[in-house]
Amino acid sequence: MLKGTDLTITPLFDGISLTLDDGARAGLVGANGIGKTTLLRLLAGVARPDRGAVAAGVGDRVGYLPQDVLDPRATIDDLLRRALGEVWEVRLELDAHERDLVDLDAYGAAQERFEALGGWALEARLDEARRRLGIEALDRGARLGELSGGEAARCLLASVLLGDPTVLLLDEPTNHLDADGRAWLAEWLAGFSGTLLTVSHDRDFLDATVDRVYELSADGLEVYEGGYTAYREEKERRRERLALLVEAQDKKRRRLEADIAMTARQAQWTERTVSRREAPKLKRYAKKVAQKSKAREHRLRREMASEDWVRAPREPAAFKVRLESEDGGRRLVAALRGVTVPGVLEDVSLTLHAGDRVALIGPNGSGKSTLLHVLSGRLVPAAGEVDVRGGTRLLPQVGVAALPGDSARTAADVALLAWFRAQTALPESEARTLLAHYRLGVDAIDRPLATLSPGERARVHVAAIVGAGADLILLDEPTNHLDFDTLEIIEAALRAYRGTLVVATHDRRLIEAVECDQVLEVRDKGLRANASAISS
């Protein structure tokens with residue numbers, strides 16, 4: 001069991017209480033920047049609240065997966081040593097003995113100890129996890145800072161899951177997983193008997209793994225039973241009920257205010273029209289009427305200030321996206337002919353016409369991002385032809401905009417506003433206005449990109465696409481780190497976009513939402529059609 005009571009951390013939330021019973025399977029959702037990661041860090045003991053307490057059950061072992069790598073100097077072996085303890089120390093001892101085979105007695109004793117600790121079964125589990133998470137080829141001595149963001153995140157996930165936790169706290173665990181990795185994680189969690197709390201914006205993942213959803217907002221923590229689909233349906237029902245209550249209450253308020261105003265006018269009229277002979281009596285009457293009006297007004301104000309007064313929910317700031325492009329009929333926008341990138345792509349051809357909507361799917365490392373980089377002009381292939389009509393290597397005339405999947409590594413030390421203006425060539429005032437639409441205000445625009453949250457970095461890159469006015473949009477895992485409200489608006493904008501769209505994603509719901517008419521699978525260095533990804 002894990003319990004957080006009356007938690008307060010300035011300025012994110014105040015007085016939050018959350019109890020997870022043994023075996024609970026819950027999701028934590030909410031807008032970007034609302035404090036989900038902070039709440040998870042508090043529960044994991046990584047951060048401390050300004051007020052309140054966090055307590056884990058007796059004997060509980062908490063496994064925590066952060067969004068970002070905590071120590072880039074740590075090696076994969078370091079992660080496994082921390083997660084697995086003695087059994088991994090013995091595994092490393094076996095490795096040392098196998099390299100020199102000098103002390104056979106010590107080698108035999110290490111083998112016996114490894115077997116007694118369940119090491120061989122653990123080794124099989126580790127091999128399966130590394131294979132399914134796409135990290136089996138990585139050197140265990142490699143430092144996390146030397147790996148790609150996705151590789152480091154998957155290594156961290158493997159170490160957390162293999163550490164035999166009784167409580168799992170996972171922060172966006174599917175962000176760097178391909179379809180196979182997501183399926184494996186859902187299957188692993190199905191067999192996990194402990195307590196799970198996961199922050200996630202992966203809608204299918206939440207449906208598959210949780211039976212309760214906690215929504216964190218500026219108004220506190222609200223509970224919904226069921227997975228993502230049940231949460232959205234119940235949230236809409238609650239919104240409708242609340243809207244009716246607010247409407248009825250508003251009618252009552254307007255009626256009372258009209259009555260108060262009429263009573264006040266009546267008192268004023270009486271004072272003005274009273275004759276000298278009737279003055280004493282009617283003035284006393286007018287005074288009573290005025291007092292009655294004031295009493296009603298004070299009673300209404302007290303009622304409106306009470307906890308029983310129903311208030312409309314505080315919605316996040318309006319988040320608007322408008323993507324426009326000239327409809328050029330079936331004109332050719334870009335083509336790859338026989339493109340080869342050694343070790344990744346071989347003799348790949350692709351033709352894109354105006355209005356095409358293409359989804360790229362495939363395992364991690366198969367070459368989806370490489371294909372996007374070739375299309376954007378960021379990578380020159382070793383062989384083949386890249387034909388982008390009317391553009392140069394940077395494609396300024398066609399207006400290609402690329403959203404990197406690993407945005408954390410992009411110009412980490414550059415201030416947000418400076419990086420954004422370099423991408424969009426917008427005047428400073430227009431750049432500030434556009435960023436403000438994405439809830440990136442004065443507190444964020446002068447900060448280096450590396451200091452932004454993953455959700456903020458994702459919004460920065462989406463804003464850069466809009467600001468660039470692209471005719472061809474290339475998206476690499478665009479749903480990572482976006483909250484549900486932002487995600488739905490981005491999906492609606494992309495659905496209405498009339499230009500050419502290529503999106504690399506493992507999110508089946510995104511493919512459906514933006515109405516991709518082609519799904520191409522990148523696998524075995526090639527490219528092939530995969531229509532089943534839309535209907536599955």
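**Figure 1. Secondary structure and burial in the whole chain.** The chain of this predicted model comprises 17 helices and 18 strands, assigned as DSSP runs (helices, H or I, at least four residues; strands, E, at least two) and numbered from the N terminus. Of its 536 residues, 47% are buried (buried, under 20% relative accessible area; exposed, over 50%; partly exposed, in between; 1.4 Å probe, protein chains only). Among contacts (heavy atoms within 4.5 Å) between residues at least 6 apart in sequence, 68% join residues at least 24 apart. Local features need pLDDT of at least 70 and side-chain atom pairs count only at pLDDT 80 or more, whereas totals for chains, interfaces and linings use all residues. Residues are numbered from 1 along each chain as its sequence is written, and side-chain values use heavy atoms, with hydrogens and water left out.

**Figure 2. Close-up of the crossing of helix 12 (residues 416-424) and helix 13 (residues 428-437).** The two axes come within 10 Å and cross at roughly 110° (axes are lines fitted to C-alpha atoms, for helices over the stretch in contact; angles run from 0 to 180 degrees between N-to-C directions). Helix 12 and helix 13 are therefore roughly perpendicular to each other (under 35 degrees, roughly parallel; over 145, roughly antiparallel; 65 to 115, roughly perpendicular; the rest, oblique). Leu 416, Leu 417, Phe 420 and Arg 421 of helix 12 meet Glu 428, Ala 431, Arg 432, Leu 434 and Leu 435 of helix 13 in the contact.

**Figure 3. Close-up of helix 4 (residues 104-116) and its two sides.** The end C-alpha atoms of this 13-residue helix are 18 Å apart, in agreement with the 18 Å expected at 1.5 Å a residue (the expected span is 1.5 Å times one less than the number of residues). Tyr 107, Ala 110 and Phe 114 are the buried residues of helix 4. They cover an arc of only 60° around the axis and so lie on the same side of helix 4 (the arc is that of the directions from the helix axis to the C-beta atoms). Their cover includes helix 3 (86-100) and helix 5 (119-132). On the other side, Asp 105, Glu 112, Glu 115 and Ala 116 are exposed. Gly 118, just after helix 4, takes a positive phi of about 75°.

**Figure 4. Close-up of the surroundings of Asn 32 in the loop between strand 3 (25-29) and helix 1 (36-44).** Asn 32 is buried, with a relative accessible area of 12%. Leaving aside neighbours within four places in sequence, its contacts are His 201, Gly 455, Arg 459, His 481, Leu 482, Asp 483 and Thr 486. The C-alpha atom of Asn 32 is separated by 9.4 Å from that of Asp 485, 453 residues apart along the chain.
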